[in-house]
Amino acid sequence: MSSQSSPAGALPGFPKPMCYLAAADLPRALERCRMLLDKLLQHEDGWVFAKPVDTYELGLRDYHSIIAEPMDLGTVSRRLELRRYPNLLCFAKDVRRTFSNAMTYNNKGDDVYESAAKLSRIFESGWASILAALPSPSPVAMRRARLKDELPRLPVDLQGKAVVIMNDIGGWIQEVDGRVEVDFDKADEATLDKLEWLLALATMRKEAGALDNQI
């Protein structure tokens, strides 16, 4: 089960509350991300991370055995242009992966390592400014964000009940490759109450199962 239009949000234990944005706010926030990315690329060391690592040209035969998920700022830039990032956390994750990969593969003191550390500090400073400028999510938005994250973890029978609830308000979209697409923006507070009851039921089941195992 996934949301069609609500970006990832956060409650206690979630990444960043301010990374949940209404659809109308996302383009402006991503534009600020673009400005920060341009700053990184235009830095004197930015060229090092502007393209995927050419492991063949550089003779880095062990690179892919050490780095499981390669990333570079050029790829981040293209994803921004194509609006591939549904929320800000996805953007930040890719930028951070670019630098963490470089610092994982190279040794501290190496030029590439030090360049990555320098640009990482610049990014984190700019990222903090972006987060500080974001509007705070409403309580309803935070509830929707929590449900978007937790409903896919429900047992199948409870997911079916969630589909029925969303279908009643026209929030059920379609099933794609075994995943139900849901538009949580259509969920009012009464609907959220019903969905949160399913989460509570799942928790009670889990606790009851744990108790049975102890007896």
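The exercises below, each with a worked solution, concern a predicted model of one protein chain.

**Exercise 1. Describe the overall make-up of the chain and the order of its elements.**

Solution. Begin with the inventory: the secondary structure comprises nine helices and three strands. Next, read the elements from the N terminus, which gives the order β-α-α-α-α-α-α-α-α-β-β-α. Then turn to burial: of the 215 residues in the protein chain, 41% are buried. Finally, consider the contacts with a separation of 6 or more: 72% of them join residues 24 or more positions apart.

**Exercise 2. Determine how the confidence of the prediction varies along the chain.**

Solution. The starting point is the average: the mean pLDDT of the protein chain is 81, and 79% of its residues reach 70 or more. The second step compares the elements. Strand 1, residues 2-3, has the lowest mean pLDDT, at 42, whereas helix 3, residues 63-66, has the highest, at 96. The third step looks at the start of the chain: over residues 1-18 the pLDDT stays under 50. For this stretch the model has 56 contacts beyond four places in sequence.

**Exercise 3. Characterise the largest pocket by its volume, its lining and the elements that contribute to it.**

Solution. First, state the volume: the largest pocket holds about 490 Å³ of space. Second, identify the lining, which consists of 22 residues; those closest to the centre of the pocket are V48, F49, V53, L58 and V112. Third, assign the lining to elements: helix 2 (55-58), helix 5 (88-105) and helix 6 (111-133) each give two or more residues. Helix 5 supplies the largest share, four residues. Fourth, sort the lining residues by chemical class: 13 are nonpolar, four are polar and five are charged.

**Exercise 4. Which residues form an aromatic cluster, and how many aromatic pairs does the structure hold?**

Solution. Count the pairs to begin with: the structure holds six aromatic pairs. Then name the members of one aromatic cluster, which are Y85, F91, F123 and W127.

**Exercise 5. Is I165 buried or exposed, and which residues does I165 contact beyond its neighbours within four places in sequence?**

Solution. Locate the residue first: I165 belongs to helix 8, residues 156-168. Its relative accessibility is 15%. Because the cut-off for burial is under 20%, I165 counts as buried. Next, leave aside the neighbours within four places in sequence; the contacts of I165 are then T191, K194, L195 and L198. For T191, the separation is 26 residues in sequence, while the C-alpha atoms of I165 and T191 are 7.2 Å apart in space.

**Exercise 6. Where does R83 lie, and what is notable about its phi angle?**

Solution. The position comes first: R83 is in the loop between helix 4 (73-81) and helix 5. For the angle, recall that most residues other than glycine have a negative phi. R83 is not a glycine, yet its phi is positive, at about 55°. To complete the description, R83 counts as exposed because its relative accessibility is 54% and the cut-off is over 50%.

**Exercise 7. Place E44 in the chain, classify its exposure and relate E44 to S115.**

Solution. E44 is located in the loop between helix 1 (26-42) and helix 2. At 63% relative accessibility, E44 counts as exposed. Along the chain, E44 and S115 are 71 residues apart; in space, their C-alpha atoms are separated by 9.4 Å.

Key. Residues are numbered from 1 along each chain as its sequence is written. This is a predicted model: local features need pLDDT of at least 70, side-chain atom pairs count only at pLDDT 80 or more; totals for chains, interfaces and linings use all residues. Side-chain values use heavy atoms; hydrogens and water are left out. On a 1 Å grid over the protein atoms alone, a cavity is a set of points where a 1.4 Å probe fits but cannot get out, and a pocket is an open set with protein on both sides within 12 Å along at least five of seven lines; lining residues have an atom within 4 Å of a point. Grid points are joined across faces, edges and corners, and a volume is the space filled by probe spheres set on the points. Ala, Val, Leu, Ile, Met, Phe, Trp, Tyr, Cys and Pro count as nonpolar, Asp, Glu, Lys and Arg as charged, and the others, Gly among them, as polar. Rings of Phe, Tyr and Trp (its six-membered ring) pair if their centres lie within 6.5 Å; planes under 30 degrees apart count as stacked, over 60 as edge-to-face and the rest as tilted. pLDDT is the predictor's confidence in each residue, from 0 to 100. Contact means heavy atoms within 4.5 Å. Buried means under 20% relative accessible area, exposed over 50%, partly exposed in between (1.4 Å probe, protein chains only).
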